[in-house]
Amino acid sequence: MRLVVIGVNHKTAPVALRERLALVGDDVNVALEQLEAFTDGSVIVSTCNRTEIYALVPQPVESEPAQSATNAATTSSTTLSAAAISAHIIKIKTWLAEFKQLPLAEIEPHLYVHRDTHALTHWLRVAAGLDSMILGEPQILGQIKRAVHLAQDQKVLSNQLSWIVDQVFAAAKRVRNETKVGAQAVSLSFAAAKLVTQIFDDLPSRTLLVVAAGEMNRLVATHIAGLGVGRVIICNRNPERAEALAAELHHPNRRVEVRALAELPQVLGEADIVSSCSGSMDVLIDKTMTLQALKRRRYQPMLMIDLAVPRDIDSTIGRIDDVYLYSVDDLQHVIAGNIEQRRQAAVDAELLVSQLVVEMDRRFQVRQVGKDIQQYRARTHDQVDKLLQASIAKLQQDNADPEDILTELSRRLTQTLTHAPSKLMRKAARQGDSELLDFVVSGLQDAHRRR
């Protein structure tokens, strides 16, 4: 298949080295352009947890373009030796070290290398989230797709690599659809977003209230807003941080407002979903405030998510009808169960990956043999055409004997068309490969019977 992958991830390299090896921004375009000089196409996947180069080792250039049909039938002109592949792997490693201005000896112990079907298996496991720090996480597939689009934009995605990419994407989709490896939320932000979908369905008409604009609430707000919530209100002591989050959540189909934290009692009644995660030592949302908000809402249901420690929301609010209150402990309990479910589902996913790789490799071999047959036929046609042209030239001579010329043409054509399989049968007999010998002989006999 000629596919190799060289990289580091959270399992093989510390974060400090991963940061130094990261390929982002303009670096990716330059790197893809340089890799094109000694690969048949490449894709660079670089995230906070991994930097990987997926590349096709170039095919060897034929030393004799007019190679005979006989040789083409018995030896492949495009076969790469293990030594040749290893040499290209060393070349990519060396390039990476030089590109990042790091000693190869420093990074090599942390690099992993996979080739052919092992590289394909690795790529599929990564795309399906089976190699991620958070098992089954879905973001990596989108990151791979963006990496592929960059390679396409740079015009370094060869036809064969593009075919492999399509197979990986289709297989990763099957893994996620046919197993439950990514079905359950295993992070606080995902778990919070999952709760929203379980309680509300008409999300464009819903309002999310974000109390405090710290990192955890930023993640929660990003995930919930991404579900299609139509309005977001941000209450924060620091207006600059609130404005920064508002800019991040901006969308043509979403209203985003920034309000002072002092306005929290007034805006609470406008919120269907509340996510709070401040560093306050005092309760920000008490029972009285909530009851007043419910009255203004005419007792429409509210989902409250309290990710703060100590709590931002009075725990007794959970006893109020029409209020669904979840603390960080509640979510952690849900996540723990989900992680175990994902681990169990990962067993099924790994088995499916193995099956899919076998199918993909079989499709590749069928695709490849089609090209080999096409090349063999083209070479055979060239040889036959040369023999025919030589015979025509002889026929045009004054003293030509048509019968002798046609007899000679027939003999040479027979010799040309039968020499390759004859040579293959003799080779199989010498090596004691009875299975191959029987296969060739029976195949030729069947071909003659069909005629």
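These are my notebook entries on two sheets, some helix packing and a few backbone oddities in a predicted model.

**Entry 1: the antiparallel sheet**

I began with the sheet of four strands. I found it open, with antiparallel pairing and the order β2-β3-β1-β4. I then asked myself which strands stand at the edges. They are β2 (42-46) and β4 (112-115); each has a single partner strand, so one side of each lacks a neighbour in the sheet. Ignoring direction, I get an average turn of 15° between neighbouring strands here.

**Entry 2: a closer look at β2**

I stayed with β2 for a while. It is joined to β3 (residues 50-56) by five bridges, and the two run antiparallel. Together β2 and β3 make a hairpin, with three residues between them. I noted two facing pairs across it: V43 is opposite Y54 in β3, and S46 is opposite T51 in β3.

Is β2 largely enclosed or left open by the rest of the structure? I checked burial: four of its five residues are buried, so β2 is largely enclosed by the rest of the structure. Worth remembering alongside its place at an edge of the sheet.

**Entry 3: what lies across that sheet**

Next I looked for a helix against these strands. Helix α6 (residues 116-127) lies across β1 (3-9), β2, β3 and β4. Relative to β4, α6 runs at about 115°.

I followed α6 to its helix partner. The axes of α6 and α8 (residues 159-178) come within 9 Å and cross at roughly 45°. That angle makes α6 oblique to α8. The crossing of α6 and α8 is right-handed. From α6, the contact uses L120, W123, L124 and A127. From α8, it uses L161, I164, V165, V168, A171 and A172. How many of the residues in this contact are nonpolar, polar or charged? I have ten nonpolar, no polar and no charged residues for α6 with α8.

**Entry 4: the parallel sheet**

On to the sheet of six strands. It is open too, with parallel pairing, and the order reads β7-β6-β5-β8-β9-β10. The edges are β7 (255-260) and β10 (323-327), each pairing on one side only. From one strand to the next, the twist averages 15°.

I zoomed in on one edge. Strand β9 (residues 302-306) is joined to β10 by five bridges, and the two run parallel. For D306, I found S327 as the bridge partner in β10.

**Entry 5: T207 in β5**

I picked T207 as a sample residue of strand β5 (residues 207-211). Buried or exposed? T207 has a relative accessible area of 6%, and the cut-off for buried is under 20%, so T207 counts as buried. Setting aside neighbours within four places in sequence, T207 contacts V229, R231, I233, E270, A271, D272 and I273.

**Entry 6: helices on the parallel sheet**

I then listed two helices that lie on these strands. Helix α10 lies across β5 and β8 (273-276), and runs at about 170° to β5. Helix α11 (residues 239-249) lies across β5, β6 (231-236) and β7, at about 165° to β6.

I also looked up what packs on α10. Helix α9 (residues 188-199) packs against α10 (residues 215-226) at an angle of about 40°, with the axes 8 Å apart. So α9 and α10 are oblique to each other, and their crossing is right-handed. On the α9 side I see L188, S189, F190, A192, A193 and V196. On the α10 side I see M216, L219, V220, H223 and I224. By class, the contact of α9 with α10 has nine nonpolar, two polar and no charged residues.

**Entry 7: backbone oddities**

Last, I went through the unusual backbone spots. The peptide bond from V309 to P310 is cis, with omega near 0°. P310 sits in the loop between β9 and β10.

D322 is in the loop between β9 and β10 as well. Its phi is near 75°, a positive value in a residue other than glycine. D322 counts as partly exposed, at 32% relative accessibility.

Q101 belongs to the loop between α4 (82-99) and α5 (104-107). Its phi is positive too, about 55°, though Q101 is not a glycine. At 72% relative accessibility, I logged Q101 as exposed.

Methods:
Residues are numbered from 1 along each chain as its sequence is written. This is a predicted model: local features need pLDDT of at least 70, side-chain atom pairs count only at pLDDT 80 or more; totals for chains, interfaces and linings use all residues. Side-chain values use heavy atoms; hydrogens and water are left out. Axes are lines fitted to C-alpha atoms, for helices over the stretch in contact, and angles run from 0 to 180 degrees between N-to-C directions. Angles under 35 degrees count as roughly parallel, over 145 as roughly antiparallel, 65 to 115 as roughly perpendicular and the rest as oblique. A crossing is left-handed if the near helix is turned anticlockwise from the far one by less than a right angle, and right-handed if clockwise. Contact means heavy atoms within 4.5 Å. Ala, Val, Leu, Ile, Met, Phe, Trp, Tyr, Cys and Pro count as nonpolar, Asp, Glu, Lys and Arg as charged, and the others, Gly among them, as polar. Two strands pair if DSSP finds at least two bridges between them. Buried means under 20% relative accessible area, exposed over 50%, partly exposed in between (1.4 Å probe, protein chains only).
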